[in-house]
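Me: I've got a model open and I'd like to learn how to read it. Can you walk me through it, feature by feature?

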Amino acid sequence: MTREDNTKNEKTQSDKKTNILSGLIKKKENSADVFKDGSVSVKNANLWYGDFQALKDVSLEIPDRKVTAFIGPSGCGKSTLLKCLNRMNDLIEGCRIEGRFEVGGTDIYKSADVNLLRKNVGMVFQKPNLFPMSIYDNICYGPRTHGIRKKSELDEIVERSLKEAAMWDEAKNRLSKSALGMSGGQQQRLCIARALAVRPKVLLLDEPTSALDPISTGKIEELTSELKKELTVIIVTHNMQQATRIADKTAFFLLGELIEYSDTEELFINPEDPRTERYITGKFG
Ligand SMILES: Nc1ncnc2c1ncn2[C@@H]1O[C@H](COP(=O)(O)OP(=O)(O)O)[C@@H](O)[C@H]1O
Ligand SMILES: [Mg+2]
């Protein structure tokens with residue numbers, strides 16, 4: 001074999017390698033499709049923190065591309081259930097979970113790829129938790145961890161995500177500035193933009209507006225109606241008006257139990273359980 005042949009051979013070998021690698025990467029990306037949509041199914045969920053049972057035989061079916069609200073007094077397990085849906089309780093020592101949790105028809109505790117799950121099920125918390133870096137880098141954080149490096153592609157993702165989070169006009173001229181320089185309401189919408197950057201099928205919002213002024217709250221409420229065209233939104237809220245304004249379905253929890261779950265209007269106008277009625281009329285909680 002001549003030296004030229006050798007180089008050629010090496011080149012084919014390396015091409016082969018690249019092909020195999022890109023095949024693997026594609027396969028990994030396509031496996032996002034294991035979640036066929038953003039529907040969520042919970043069957044007989046029980047959860048304990050040590051000896052304390054925080055969820056008691058909870059079952060509910062959450063429809064794809066609707067807004068579902070979780071309401072109920074503090075400590076009744078709303079955040080706990082939300083965290084089960086992207087396996088955030090996995091990290092808590094002494095936490096034991098029973099039952100079946102599905103996203104888009106896939107059992108999320110059987111499929112071991114937690115990163116893939118979290119790419120599909122994003123979460124935003126009560127307090128904005130942006131990284132101390134630029135707006136641009138905050139939004140790119142997720143896509144970069146999933147291997148996207150090309151500047152043009154990242155630029156597109158940043159613009160799309162900020163537009164989807166109704167933040168583009170406010171952020172476009174300061175993309176390289178620290179995200180922490182934004183107001184609380186803007187930071188919360190940036191958190192939503194960051195979550196949207198990896199194109200989740202489900203977005204979990206845990207009291208996202210409880211620290212915000214009414215105008216910022218209104219913006220996030222409007223946003224949820226836009227977002228549900230593309231994905232499923234599950235929102236924990238203590239604000240009943242908020243639930244009636246934005247949620248298609250509402251679930252009422254008490255002491256770890258799901259007491260009532262129905263169309264929002266039905267639940268607020270015609271509650272079936274006297275405990276729901278007492279809660280929504282402000283008699284306890
Ligand atoms: N990491 C934890 N360890 C022990 N107990 C916890 C933990 N997280 C939550 N709990 C308890 O579980 C119950 C439900 O909490 P949580 O889901 O946060 O309620 P909610 O979001 O409805 O206010 C509460 O009694 C709370 O104290
Ligand atoms: Mg909570």
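**Reading the model, piece by piece**

Reply: Let's start with one residue: Cys 191 lies in helix H7. Keep in mind that this is a predicted model.

Me: Why does Cys 191 count as buried?

Reply: The idea is to count neighbours: a residue is called buried if 20 or more other C-beta atoms lie within 10 Å of its own. Cys 191 has 23 C-beta neighbours inside 10 Å, so it counts as buried.

Me: Which residues is Cys 191 in contact with, leaving aside its neighbours within four places in sequence?

Reply: Those are Val 124, Pro 128, Asn 129 and Leu 130. For a distance, take Phe 131: its C-alpha atom and that of Cys 191 are separated by 9.7 Å, with the two positions 60 residues apart along the chain.

Me: And if I zoom out, what share of the residues count as buried?

Reply: Of 285 residues in the protein, 39% count as buried. The protein has 11 helices and 10 strands. If you take contacts with a separation of 6 or more, 69% of them come from residues 24 or more positions apart.

Me: Now helices. How should I read one?

Reply: An α-helix has 3.6 residues a turn, so residues three or four places apart point the same way. Try that on helix H4, residues 135-145, where the buried residues are Ile 135, Asn 138, Ile 139, Cys 140, Gly 142 and Pro 143.

Me: What covers the buried residues of H4?

Reply: The cover includes helix H5 (151-164), helix H6 (168-171) and helix H7 (184-196). Also look just after H4, where Gly 147 has a positive phi of about 95 degrees.

Me: How do I describe two helices that pack together?

Reply: Two packed helices are described by the angle between their axes and the distance between the axes. For H4 and H7, the angle is about 35 degrees and the axes are 7 Å apart.

Me: Which residues of H4 and H7 meet?

Reply: From H4 you have Ile 135, Asn 138, Ile 139, Tyr 141 and Gly 142, and they meet Leu 190, Ala 193 and Arg 194 of H7. Sorted by class, that contact has 5 nonpolar, 2 polar and 1 charged residues.

Me: On to strands. What's the thing to look for?

Reply: In a regular strand the side chains alternate between the two faces of the sheet. Strand S8, residues 232-236, lets you see this: Thr 232, Ile 234 and Val 236 point one way, while Val 233 and Ile 235 point the other way. S8 is mostly covered, with 5 of its 5 residues buried.

Me: Which strands does S8 pair with?

Reply: Strand S3 (residues 67-71) runs parallel to S8, joined to it by 4 bridges, and Ala 69 stands opposite Ile 235 in S8. Strand S7 (residues 202-206) also pairs with S8 in the parallel sense, over 5 bridges. There, Leu 205 stands opposite Ile 235. To get from S7 to S8, the chain passes through helix H8 (residues 214-227), and this β-α-β crossover is right-handed.

Me: Last one: what surrounds ligand 1?

Reply: List the shell, then sort it. Among the residues around ligand 1 are Tyr 49, Phe 52, Gly 75, Lys 78, Ser 79, Thr 80 and Ile 92. Strand S2 (52-62) and helix H2 (78-84) each supply at least two residues of the shell, and H2 gives the most, with 3 residues. By class, the shell has 5 nonpolar, 6 polar and 1 charged residues.

Key:
Residues are numbered from 1 along each chain as its sequence is written. Chains are lettered from A and ligands numbered from 1 in the order in which they are written. This is a predicted model: local features need pLDDT of at least 70, side-chain atom pairs count only at pLDDT 80 or more; totals for chains, interfaces and linings use all residues. A residue is buried if 20 or more other C-beta atoms lie within 10 Å of its own, exposed if 12 or fewer, and partly exposed in between; C-beta atoms are placed from the backbone. Two residues are in contact if their C-beta atoms, placed from the backbone, lie within 7 Å. A residue is near a molecule or strand if its C-beta atom, placed from the backbone, lies within 6 Å of it. Ala, Val, Leu, Ile, Met, Phe, Trp, Tyr, Cys and Pro count as nonpolar, Asp, Glu, Lys and Arg as charged, and the others, Gly among them, as polar. Two strands pair if DSSP finds at least two bridges between them. A crossover is right-handed if, with the strands pointing away from the viewer, the path from the first strand over the helix to the second runs clockwise. Axes are lines fitted to C-alpha atoms, for helices over the stretch in contact, and angles run from 0 to 180 degrees between N-to-C directions.
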